[in-house]
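Got your viewer open? Load the model and get ready to click along.

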Amino acid sequence: MRISGKGLISGGRRVNFSFNGVSYMGQEGDTLASALLANGVHLVGRSFKYHRPRGILTAGSEEPNALVSVGKGAAQDPNIRATQQEVFEGLVARSQNCWPSVGHDVMALNDLAAPFLGAGFYYKTFMWPAPLWEKLYEPVIRRAAGLGALSGSANTEPYEKAFAFCDLLVIGSGPAGLMAALTAGRAGADVILAEDDSRMGGRLLAEMEEIDDKPAHVWVAEVLAELAGLDNVRLMTRTAVTGAFDQGTYSALERVSHHLPPSQSLKTAHRPRECFWRIAARATVLAAGAIERPVAFRNNDRPGIMTAGAVRAYLNRWGVAPGERITLFANNDDAHRTARDLVAAGVHIAAVIDSRHDAPDGRDFSVIKGAVVCNTSGRKRLETITLRNVSGEEKIQTDCLAMSGGWNPSVHLTCHMNARPVWNRDIAAFVPRAGAVPGMVVAGAANGSLSTHAALAEGAGAAVAALGQLGITAEAPALPRACDAPYRISPLWAVPGKGRAWLDFQNDVTVKDVAQAAQENFRSVEHMKRYTTQGMATDQGKNSNVAALAVLADATGRSIAETGVTTFRPPFVPTTIAAMGAGAAGQGFKPQRYLTSHRTSLKRGAANTEVGLWYRASYFAKEGETTWRQSCDREVMMVRNAVGVCDVSTLGKIDIKGPDAAKLLDLIYTNLFSTLKIGRVRYGLMLREDGFVMDDGTTARLGQDHYVMTTTTAAAGQVMAHLEYLSQVARPDLDVRFTSVTDQWAQFAVAGPKARALIDALVAEEINGETYPFMACGAITVGGVAGRLFRISFSGEHAYEIAVPARYGEALFDLLVTRAEAEGGGAYGMEALNVLRIEKGFITHAEINGTVTAFDLGMQGMISKKKSCWGKVLSERDGLMDEDRMRLVGLKPKGAAQELSAGAHLFEPDMTVERVNDLGYVTSVGFSPTLGHMIGLAMLSAGPDRLGDTVRLVDHTRGVDTLCEVVDPVFFDPEGGRVRG
Amino acid sequence: MRIACPLCGARDRREFTYRGAALPVPALDAGAEAWSVHVHLRENPAGPLEELWQHELGCGAWLKVRRDTVTHAMLGVVLAEDAGLAARDGEGPA
């Protein structure tokens, strides 16, 4: 019921919204919760396990009950807290976890079966037979117990992520936060003030009190006006700081447009739905306030039962009385303010019940002292409460019960870096441990200082202290006059008695469940939590954990301090994966690297394949070719018989310069590079420090102190880091520098018997066997552009690699392919490249897989005896030179199927196919059109000693089981006449 | 986590690549025993540890970072190259 003229949103624009298909009227500034309460709607959802009718418990992000689904279609958002969702014109919200409706929920039968559904029920009942768990039990349980559902279609709403930096991050904008921001703002510090709510002010918006003789909200408005005028202060509403991480890094979730009609946000105004922030703060003031806790008593979960502070907030901020005959049940002085404010607003108070015998008297209401509420009635809305005191029990008619078990400081963020909070007996709550998070100072209610006066003072002091750490001098503003009423409390966690008394409303955990956990010896608070699921729902037990552990302490005969708390972990509020992963969906998942020849390759029929981040042409389909094999076979034969062109720019290219370049290369490579002549290229092998092969490639010497190294595509980054490691860490005395130039040069292989003629006709220089013998390199000019030419080959053919600055790549590729086609050749892709290199027994990272040594590859001869190199010592360990190691061989099919398969394992033909008999595995296979059959490379135990033997090849995944012959890994032109010719 | 690169300033840890404890590198001819110890044996202390990080997505510098493995406190950052040269010149530990 809305009280005319009451509250801070009075006079706001009217807005229409719908809930469960019924249209209602709200007011601008309303949350869904306040608007529903204004319309007398208390039944909002069903509980997780027992499907009990539930209403609105709180007025903030800690809300456990009032979770709704908002929106329609793909953008449907489940589990939105009605206490946070602002109403807007056209808002559509629905209850969840109920069928067919929130009023008539079939699964409410669970509530009748409650005696069987206590803690550990699932663990005990669905143990056997085990296979049924995954197929039957879990799906059924998940359907019955649950929260809201996603739409099932991909969400197309935009989300964003962003970084922010500041001197001081102030978390929370209540009295402490505002004073901290004001203090720091006036001192000129770079300030971010983050507030979870849509409006700054914290509890000051919810209380009837004065600051400097003005209504508190007026003081708030004045401070905000000053802060808004400061360029160095950034005000962020609807922004929940969700985690505290190392070195002052904080995560935060900004709800950017949940409060706007879809038409006004997203696509039209380019607003994301949410933004995930990473804030790097040099210092932080945590002024996150406190969260009120309920009291556990029988049937304390009915719609209409709320926290006392929430009732006050709905009344004072939103002008809504959540009932017509309201009762109050409390154990502390603070809660009496609810009765005071309700009376002042003319709302009928049916009873004020305080569990303390020494509770203060009210001025405008009488207080029933030393009494408790022990039961309630009313299925879909509270109807009565039962009061118990020394003289017995008495029923009281009421439609709203405001309860308060005291306040828990919001210590969550102080625990994110492993600190445990400290029990404070005076306020019967946990308070932050000093120095829990480096750079963070805690102030106000979050620090256990529960008066406005104390919050204002601590807020200013915290900012001065936090900035002091940074060497920024700040002065605390004059302290405004404010209420400093004492907060007196006498702990009351659970009212003894029969029946179920709820602790965790969202996960349906009762006092009985916790007691049962203790009885079954789950005495550690962490065990109790997992056994009962206490605090494991989306609200993370914000208003129930402390009471639950108090009940556990009682059940196990320990003090609360001894019992301890469970670990608070990020995020403080539920965070959507969409926000955390913003920008990383679909193509944003990882960068895409395109070759300069990409467009022209596609025009020429290329089918692309992904190679790491690169997109490379797999093959070029010509007219009439219907399978990749046809294209691949043609391309292989084209290279063997005419000339082929292939973009090899993805290979890592590292420019190496300096007087000690040669020394460094002698260190990294197993073979010598200091002896390499200028204008020559050498193939090199590099080892990891444990002696296994890291990478291979060619390095060209362009000048006395200038080399250019090529790495494999896969290891480009690793080799670059390795070079930097060797030069900076292992040999800082060497004068040498490296630059990755992979992206700067476009490089194309031109291979085949007609390659020389093609290159000679293309470049300005004369290219023949004398000027460019095998493994020569040098500067050339092509079409007026300065480039480089390397006579190297990865196909076994007479071949060159020609490199030009990347901006000429596309044009040169076009030119090369056009000229090659005129000679009966053309472009070839990765498939053909792979077949060509397997025919020659050349290795790639399919073979250099991290477990092979130079010895395994038959390359031990490449480890120079004249010098040391990185990894050499350990490569010579006994076990790594064992003849029986799996070593590189070639394979030829013998069976009728003529099939080979990469990844297959090898066995003796007469041995059983099992792990102990495994002799090795196949690394690469391909169909060789040159030889007319499949060929493969494999790592086979004692392989090179078994040439001519027959082995059995088994691939369970592809269903291949065949015999093959062990052969030399070089299938084609073993003398190398073609490459040198 | 943030690391203060001596060349670039404080940067998010996503820009850095971790290698491990910053151990003295044995001479190339130090023998299998010394290299085996270098490759395989780690103290793994709970507390301050000298580590190697590379500012791979920044300047490429290898950094010697002193970090508390329990609290993640960053206790000091120097360029590994500078530390190595200082050690060679007898000005500090390797």
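This tour starts where the two chains meet and then visits a few spots in the backbone. Keep in mind that you are looking at a predicted model.

**Stop 1: the meeting place of the chains**

Colour chain A and chain B separately, then select the residues where they touch. You should pick up 29 residues of chain B in contact with 27 residues of chain A. Put together, the two chains bury about 2400 Å² between them, and 59% of that is on carbon and sulfur atoms. Now show B:Arg2, B:Leu28 and B:Glu81 as sticks: in chain B these lose the most area to chain A, together 27% of what that side buries.

**Stop 2: charges and polar contacts**

Stay with B:Glu81 and add A:Arg737. These two form a salt bridge, with their closest N and O atoms 3.5 Å apart. The rule finds two salt bridges across this interface. If you go looking for polar contacts between the chains, the count is seven residue pairs.

Which elements of chain B give two or more residues to the side that touches chain A? Select helix H1 (32-40), strand S4 (48-54) and helix H2 (80-88) of chain B, and you have them. H1(B) gives the most, with six residues. Try colouring that side of chain B by class, too: you'll get 13 nonpolar, nine polar and seven charged residues.

**Stop 3: an annotated stretch of chain A**

Next, select residues 887-973 of chain A. UniProt, in an unreviewed entry, labels this stretch "domain: Aminomethyltransferase C-terminal". Switch to cartoon view: the span is 48% strand and 0% helix, and its end C-alpha atoms lie 21 Å apart.

**Stop 4: a cis peptide bond**

Jump to A:Pro570 and A:Pro571. The peptide bond from A:Pro570 to A:Pro571 is cis, with omega near -5°. To get your bearings, find the loop between helix H14 (560-563) and helix H15 (577-580) of chain A, where A:Pro571 lies.

**Stop 5: two positive phi angles**

Select A:Gln540, in the loop between helix H12 (525-532) and helix H13 (545-556) of chain A. A:Gln540 isn't a glycine, yet its phi is positive, at about 55°. Is this residue buried, partly exposed or exposed? A:Gln540 has a relative accessible area of 33%, so it counts as partly exposed.

Finish at B:His72, which sits in the loop between strand S5 (62-68) and strand S6 (74-79) of chain B. B:His72 is not a glycine either, and has a positive phi of about 65°. With 26% relative accessibility, B:His72 counts as partly exposed.

How values were computed:
Residues numbered from 1 in each chain as written. Chains lettered and ligands numbered in written order. Predicted model: local features only at pLDDT ≥ 70, side-chain atom pairs only at ≥ 80, totals over all residues. Heavy atoms only, no water. Contact = heavy atoms within 4.5 Å. Buried area = accessible area lost by both parts, 1.4 Å probe. Salt bridge = Lys/Arg side-chain N within 4 Å of Asp/Glu carboxyl O. Polar contact = N/O pair within 3.5 Å; in protein donor to acceptor, adjacent residues only side chain to side chain. Helix = DSSP H or I, 4+ residues; strand = E, 2+ residues; numbered from the N terminus. Nonpolar A, V, L, I, M, F, W, Y, C, P; charged D, E, K, R; others polar. UniProt positions renumbered as here; feature names shortened; annotations may be inferred. Buried < 20%, exposed > 50% of the residue type's maximum accessible area, 1.4 Å probe, protein only.
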